[in-house]
Amino acid sequence: MLSVLRVHLPSEIPVIGCEITPYVLLKRPDNSISNEDVPESAPINGYCMRYKWYRVQSDQKFTVCSVHPTEQATLQCLVCVKAKVPLARSFHCTPTCFSDAWQHHRALHERASTASNENGTEEEEMFGRFSSTGSGVKNAGISASTSNAGQSPSLTNASTPIYPTTVAERSGDGLFEVGRSRTYTPTADDIGHFLKFECVAIDAETKLPIGNTNTIMMSRVIPAPTPIPRRMIPVNGVDVLGHMDPDSRIASSGTFSILSYNILSDAYATNESYSYCPSWALSWPYRRQNLLREIIGYHADILCLQEVQSDHFEEFFAPELDKHGYQALYKKKTSELVQVYIGNPNAVDGCATFFRRDKFSHVKKYEVEFNKAAQSLTDAVIQPSQKKVALSRLIKDNIALIVVLEAKFSSNQGADNPGKRQLLCVANTHVNVHQDHKDVKLWQVHTLLKGLEKIAVSADIPMLVCGDFNSVPGSAPHALLAMGKVDQLHPDCMRLYS
């Protein structure tokens, strides 16, 4: 017989656009324990699972704050309504909330005035469709006004009730079935409503339940909060295959843009490490949609991502970015230490490099494993009695991915030498994070640069070194990258000579 042992959700608060995948632990007919699904299309010994999702329809409806989506909104910016900004972004919970967000909020008005229809559909789906009669909207007590641009906002306020994190089903609430698969992705129509999940083992032939139905009630569905635009720092004097324009877009045939981004592996996005962040915002389904939207939004020709889990690369980033014209290359960390830390070989992270197929073609790939380099170094220069200590210091599982690309410049597009192949070498790495291992950081950067020197000398290829170096300006790794040398008296080098 098939039975359900345990059911729980990664987060109590559902967010629209973020897939909800319950953890369902099953006891199978052979008495084995597994969390793999047994769908109705593939029963085992005549048994399978049935899932249902319900929206709890209630007469009590309200809006939520665009900045703090777990708080009920009491204020609405009327300029947003006139400017046709997605209405979900016009609500705030308190005057302080609106005042603190005013600079960013004013930018929404300016953007809407110049491009009122740009990304409208996408933002409505992501942040929700709000109107005075729409689902989840309280049609009273929401009013506010803003002053002219550059001045402080003027608001009226009401009480702000606390958003409940758990609820019990109340009499009088109706249930509206919204899904019959194991997973469910809340839509804008769910905003402000509770969700209910049911699962039960059934007889595949009679469709009758076997045992008890397991039920989980979730909190109210909230819209995704409004992302705060990043503050970009312009870099001048970039001249590799051409000049980069201020918008980091392709301005001529010899110009390209590159993005480097540590996306934070889901295995490291724990409540213990990020206690200031709500659990629903740490969840991978929520973060992955934001990461993808932001990465695609930069329109970069080359992407260098760090802390990309191997399963996320295969199942999400590679196929999703392929839809946008990117070819993918990947190198997973060596897992002697990483796998012990996270306990899941599929969640070992690494470096992923993507490039636009219409701009570049792949020529060659090099993989650098610093563990192997450490082994070679200790075999060559370290006394046998000190080898174990040296290896324990240098073995950290970090890697680098080096890719040689060829630019697709045609003979009439302005390249300096149309008859010569335009090659580019891009290194992508993630250097050891621990601050008490500054000597290891320096050694890893030095090892990477020595490898790049060999490639550059052999083929006269321009180099780009990208990655997360876990180092700050003034550190030894930064000095080596910026100036090609490090003073022997640099504090980061003291361990090397001790």
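**Notebook: helix packing and cavities**

I began with handedness: H9 and H10 cross in a right-handed way (right-handed if the near helix is turned clockwise from the far one by less than a right angle, left-handed if anticlockwise). The model is predicted, so I kept in mind that local features need pLDDT of at least 70 and side-chain atom pairs count only at pLDDT 80 or more, while totals for chains, interfaces and linings use all residues. Residues are numbered from 1 along each chain as its sequence is written, and side-chain values use heavy atoms, with hydrogens and water left out.

**H9 with H10**

I looked up the helix limits: H9 covers residues 370-381 and H10 residues 384-394 (helices are DSSP runs of H or I with at least four residues, numbered from the N terminus). Their axes lie 10 Å apart and the packing angle is about 155° (axes are lines fitted to C-alpha atoms over the stretch in contact, and angles run from 0 to 180 degrees between N-to-C directions). That makes H9 roughly antiparallel to H10 (over 145 degrees; under 35 is roughly parallel, 65 to 115 roughly perpendicular, the rest oblique).

On the H9 side I noted Asn 371, Ala 374, Gln 375, Leu 377, Thr 378 and Asp 379, which meet Lys 387, Ala 390, Leu 391 and Leu 394 of H10 (contact means heavy atoms within 4.5 Å). By class I get 5 nonpolar, 3 polar and 2 charged residues here (Ala, Val, Leu, Ile, Met, Phe, Trp, Tyr, Cys and Pro count as nonpolar, Asp, Glu, Lys and Arg as charged, the others, Gly among them, as polar).

**H9 with H11**

H11 is residues 438-459, and its axis comes within 11 Å of that of H9, crossing at roughly 95°. The two helices are therefore roughly perpendicular to each other. Phe 370, Ala 373, Ala 374 and Leu 377 from H9 touch Trp 443, Gln 444, Thr 447 and Leu 448 from H11. I find 6 nonpolar and 2 polar residues in this contact, and no charged ones.

**H6 with H7**

Next I checked H6 (residues 284-297) against H7 (residues 310-322): the axes come within 11 Å and cross at roughly 35°. This crossing is right-handed. H6 brings Trp 284, Arg 288, Leu 292, Ile 295 and Ile 296, and H7 brings His 312, Phe 316, Phe 317, Glu 320 and Leu 321. The class split is 7 nonpolar, 1 polar and 2 charged.

**Cavities**

I found 2 cavities of 30 Å³ or more (on a 1 Å grid over the protein atoms alone, a cavity is a set of points where a 1.4 Å probe fits but cannot get out; lining residues have an atom within 4 Å of a point). The largest holds about 130 Å³ (volume is the space filled by probe spheres set on the points, which are joined across faces, edges and corners). Its lining has 14 residues, with Ser 11, Ile 13, Glu 19, Ile 20 and Ser 283 nearest the centre.

The second largest has a volume of about 50 Å³. H3 (residues 102-114) gives the most to its lining, with 3 residues.

Terms used. 1 Å grid on protein atoms, 1.4 Å probe; cavity = no way out; pocket = protein on both sides within 12 Å on 5 of 7 lines; lining within 4 Å.
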